[in-house]
Every structure is written in structure tokens, then in C-alpha cells.
Amino acid sequence: MDKIVRIICVLLTLAMVAMIVPELRVSGVRAKPLDPPFVRLTPLEMAALPLATRFDMPLGSEHGAFTYNARAFRIQRHLGDDLNGIGGGNSDLGDPVHAAGAGRVIYAGVPSPDWGNMILIAHRLPDGDELGPVVQTVYAHLESMRVRAGQVVQRGDVIGTVGTAAGRYWAHLHFEVRVGPYINPGQGYADTALNRVAPEVFIRAHRGADENVLNPPPEND
Ligand SMILES: [Zn+2]
């Protein structure tokens, strides 16, 4: 009886090895490369983000005066807007870049030479916003950065200055708006919009009406 049990055990073991070995061979020959590591904000971190009730343009005046958009969203596969001072060339080099809205810096670093200095700020949107609960604003090619990851910023705070990604481009601000909690420098160009939305359209829709509605003209009587 013992012998039979032992034989069955051996047979079962052999059967299992036979099933596993091809798997080992497949994964052993060419292990699939892991996706580059990326992290996401936890639900708790999302809930603790500063609430952003209003957004302004990050360059020039709060309405973007004195700037132009050299390459708009989705032109030539672009995932953001390239904002420039109206002087053109490098005349905007070193100009202040402002946080578009209240939020928390979730990345500040140099992910690649093409990006140069890059800042990601996460914002919590008011309940009911169709893009909520979290969007991120992205500021790239900066000459300098004045914030660190983890820092809370208010709308309009100077977070850095317009740069060239260390001489790669004419000075400009690559500005993006991304939807969702994933923290990943990502790419500036793609065939589809990925999780990006048109920055200028987003800002226009999130300016908060109250401070932008001009007073009506006085009534003539
Ligand atoms: Zn760009």
C-alpha cells in the first residue's frame, strides 16, 4: 500500500513538473520587460489634495496676456500647449511660471534630457466636475524650479522659470493638463491624446465665473 502511495506521489510530481517546465522555459527565454515603474496617488492622498476652485494661465498675466501658443494641443501629435512670451525667441527665458491652481507638487525633477526640469502638480477638483476628482498640471523645460515634491502651492505661486531644457529648444513652457492620479513623466507627443485634455480649453472652463464677469455698463436714464 505504501508503495502504491509513493508511486502515485512520484507520478503526480512528474505531472506537475511537466506542466510547469514549459512555463519556466517560456518566461526564462525572454522575460517580458516590466513597465517603467510608476505610482499613483492613493485615495487618501487624493482626498488630502488642496481643492482647486479656479485655474489661471501659468505664463504672462493670469489670463495669458503677453503670451502666445506656438504649438497647440494635438498639433503635430503634441500633448500640451507650448506657451511663449510675445517677444519670441528666448525673450521669455527666465520669466516666472505660475502654478495654474491650488495643489500639491507630486513631482519635481529631470525625467529625461528632452523634458528637462519638470514639475507635476495634482489638483482636487470640486465635486461634480466631469474631469474630477483629480487633474494634474505639467510644466516642462524649465530653467529653474522653486518647489519640491510634496509642497502645497496656491494658484499664482511662482514655481519656476521658463527655460530651454538646457539649450535644446527656444525658451518656452510646455504646459499640459492630465486627468487622473497616475504620477508618470510620460511623453510630450503621441498619436492619441492619452489622458491629456486641451490646456487652454481646460483653463477657460475652470476660471471661475465670478471674478471674470465684467460689470454691466451703467444704465442710461
Ligand atoms: Zn511642447
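Let's start with one pair of residues in this predicted model: S144 has T161 as its bridge partner, and T161 belongs to strand β10. Next to that pair, M145 stands opposite G160, also in β10. These residues bring two strands together, since β8 covers residues 144-145 and pairs with β10 in the antiparallel sense over two bridges.

Strand β10 has another partner to meet. It spans residues 158-161 and pairs with β4, residues 96-98, again in the antiparallel sense, this time over three bridges. If you would like a place to look for this pairing, find H98, which stands opposite V158 in β10. What holds such strands together? Strands of a sheet pair through backbone hydrogen bonds, either parallel or antiparallel.

Now put the pieces side by side. The three strands form an open sheet in the order β4-β10-β8, with antiparallel pairing. Why is one side of β4 and of β8 left without a neighbour in the sheet? Both strands stand at the edges and each has a single partner strand, so there is a side of each that no other strand of the sheet lines.

Let's step back to the whole protein chain. It has three helices and 13 strands. Of its 221 residues, 33% count as buried. How do distant parts of the sequence come into the picture? Among contacts in the chain with a separation of 6 or more, 67% are between residues 24 or more positions apart.

Next comes the interior. In soluble globular proteins, nonpolar side chains tend to be buried together. Here, the largest nonpolar core has 37 residues, and V97, I119, I121, Y139 and L173 have the most contacts inside it. Which elements give two or more residues to this core? They are the strands β5 (103-109), β6 (117-124), β7 (134-142) and β11 (173-179), together with the helix α3 (199-205). The most comes from β7, which gives six residues.

I121 is a good residue to zoom in on, as one of those with the most contacts inside the core. Leaving aside residues up to four places away in sequence, I121 touches A99, G103, R104, V105, I106, Q136, T137 and V153.

Finally, how confident is the predictor? The mean pLDDT of the protein chain is 86, and 82% of its residues reach 70 or more. Over residues 20-37, however, the pLDDT is below 50, and this stretch has zero contacts in the model beyond near neighbours in sequence.

Terms used:
Residues numbered from 1 in each chain as written. Predicted model: local features only at pLDDT ≥ 70, side-chain atom pairs only at ≥ 80, totals over all residues. Pairing = 2+ DSSP bridges. Helix = DSSP H or I, 4+ residues; strand = E, 2+ residues; numbered from the N terminus. Buried ≥ 20, exposed ≤ 12 C-beta atoms within 10 Å, placed from the backbone. Contact = placed C-beta atoms within 7 Å. pLDDT = per-residue confidence, 0-100. Core = buried A, V, L, I, M, F, W, Y, C linked by C-beta atoms within 7 Å.
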